[in-house]
Amino acid sequence: MEIIKPFRWYNKEEIEDLADTLLIEVESKRRRRLPAFNLAEVIADYLDLGIVWEQISGDKEGEIAAMIIPTEREIIINSSIDESNEGFKQSTIAHEIGHWILHINHDAVHKFIDYREQGIDLTLKPFLCRSRQSSQKNEWQAQYFASCLLMPISKLKRVQKGRDLTNWKHLYAMADELGVSISNLKTRLIDLEWIMQLNSSKRLYLGSKGKLLMNESLQR
């Protein structure tokens with residue numbers, strides 16, 4: 001039985017549903033609402049995934065931002081990453097959680113742990129994530145899951161109220177409130193067709209769904 005599942009295509013709706021389901025599950029086990037900050041750590045803790053900061057050397061394919069060791073239930077983040085960059089840290093942890101949910105065979109993990117406890121020595125390669133955005137499908141899925149987990153639509157609508165999606169100052173305020181980087185927020189809003197950015201211009205425009213959202217806000 002393989003620890004890493006064979007590749008399966010998940011569309012955006014499926015990934016969004018999986019992230020929302022996990023958030024609802026975690027929230028239902030808590031007395032307080034999930035925090036905006038340190039959300040990824042809270043989710044990792046709920047999944048019994050440890051988080052460790054260690055130096056990770058790059059290899060011939062480049063630098064490695066983080067990795068997950070399924071049989072240790074451990075996420076390792078490269079200590080060369082600026083830990084004070086809260087948005088990037090949350091995104092990295094949430095990305096590894098995405099791999100755990102989408103790509104790791106949990107039954108196989110439990111079997112391997114049982115074997116190890118019986119004294120059977122097993123060595124497995126970690127799941128590596130590069131510092132640069134990878135075009136690999138697994139990496140895209142994990143990153144999209146991270147965006148959905150940190151920025152669910154219901155939460156985005158809440159923080160958007162009274163704010164102009166084409167105004168950078170308003171977007172920075174939303175990113176601060178969500179505890180994410182401005183880059184991740186912009187990517188999420190473009191994915192949702194709430195905003196558009198043409199070519200290399202910094203100017204933002206409302207996307208088709210963003211126009212509907214703003215109209216709804218004005219009618220309230």
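In this predicted model, the side chains of Asp48 and Arg73 meet in a salt bridge, with a nitrogen-to-oxygen distance of 3.7 Å. This pair links distant parts of the chain: Asp48 sits in the loop between helix 2 (39-46) and strand 1, Arg73 sits in the loop between strand 2 and strand 3, and 25 residues separate the two. Arg73 also has a backbone feature worth a look, since its phi is positive, at about 50°, although Arg73 is not a glycine.

The loop that holds Arg73 leads straight into the strands. Strand 2 and strand 3 form a hairpin, with four residues between them, and Arg73 belongs to the turn. Strand 2 (residues 64-69) pairs with strand 3 in the antiparallel sense, over four bridges. One place to find this pairing in the structure is Ile68, whose bridge partner in strand 3 is Ile75. Strand 3 has another neighbour in strand 1 (residues 50-54); these two run parallel and are joined by five bridges. Here Glu54 can serve as a landmark, with Asn78 as its bridge partner in strand 3. Strand 3 itself (residues 74-78) is mostly covered, with four of its five residues buried. As a help in viewing such strands, side chains in a regular strand alternate between the two faces of the sheet.

The salt bridge of Asp48 and Arg73 has company. How many salt bridges does a search of the whole structure find? The search finds seven. One of them joins Lys12 to Asp191, with the closest N and O atoms 3.4 Å apart. This pair, too, links distant parts of the chain: Lys12 is in helix 1 (residues 12-28) and Asp191 is in helix 8 (residues 182-191), 179 residues apart. Lys12 counts as partly exposed because its relative accessibility is 31%, and Asp191, at 28%, also counts as partly exposed.

Helix 1 and helix 8 are linked again by Glu16 and Arg188. The side chains of these residues meet in a salt bridge of 2.5 Å, N to O. Glu16 lies in helix 1 and Arg188 in helix 8, with their positions 172 residues apart in the chain. Are Glu16 and Arg188 buried or exposed? Glu16 has a relative accessibility of 11%, so Glu16 counts as buried. Arg188 counts as buried as well, because its relative accessibility is 0%. A further set of charged residues, Glu41, Glu86 and Lys89, is linked in a network of salt bridges.

Glu41 from this network turns up again around Gln90. Gln90 has its place in helix 3 (residues 86-103). With a relative accessible area of 2%, Gln90 is buried. Leaving aside residues up to four places away in sequence, Gln90 touches Asn38, Leu39, Ala40, Glu41, Leu150 and Gly179.

Aromatic rings offer another kind of contact to explore, and the count comes to four aromatic pairs. In one of them, the rings of Trp9 and Trp140 are stacked, because their centres are 5.6 Å apart and their planes lie at 10°. Trp9 lies in the segment before helix 1 and Trp140 in helix 5 (residues 137-150), so the pair ties together parts that are 131 residues apart in sequence. Trp9, at 48% relative accessibility, counts as partly exposed, and so does Trp140, at 28%. Ring pairs link Trp9, Trp140 and Tyr144 into a cluster.

Trp168 and Tyr172 form an aromatic pair that is tilted, with 6.4 Å from centre to centre and 45° between the planes. Both residues lie in helix 7 (residues 168-178), where they are four residues apart, about one turn of the helix. Trp168 counts as partly exposed at 28% relative accessibility, and Tyr172 counts as partly exposed at 44%.

The final stop is the region after helix 8. Glu193 lies in the loop between helix 8 and strand 5. Glu193 has a positive phi of about 65°, although it is not a glycine, and counts as partly exposed at 37% relative accessibility. Further along, Leu198 is found in the loop between strand 5 (195-197) and strand 6 (204-206). Leu198 counts as partly exposed because its relative accessibility is 44%. Together, Met196, Leu198 and Tyr205 make a nonpolar surface patch of about 260 Å².

Key:
Residues numbered from 1 in each chain as written. Predicted model: local features only at pLDDT ≥ 70, side-chain atom pairs only at ≥ 80, totals over all residues. Heavy atoms only, no water. Patch = residues over 30% accessible without salt bridge, like charges linked within 9 Å, V, L, I, M, F, W, Y side chains within 5 Å. Areas by Shrake-Rupley, 256 points an atom, 1.4 Å probe, with all protein chains shown as cover. Salt bridge = Lys/Arg side-chain N within 4 Å of Asp/Glu carboxyl O. Buried < 20%, exposed > 50% of the residue type's maximum accessible area, 1.4 Å probe, protein only. Pairing = 2+ DSSP bridges. Contact = heavy atoms within 4.5 Å. Phe/Tyr/Trp six-rings, centres within 6.5 Å; stacked < 30°, edge-to-face > 60°.
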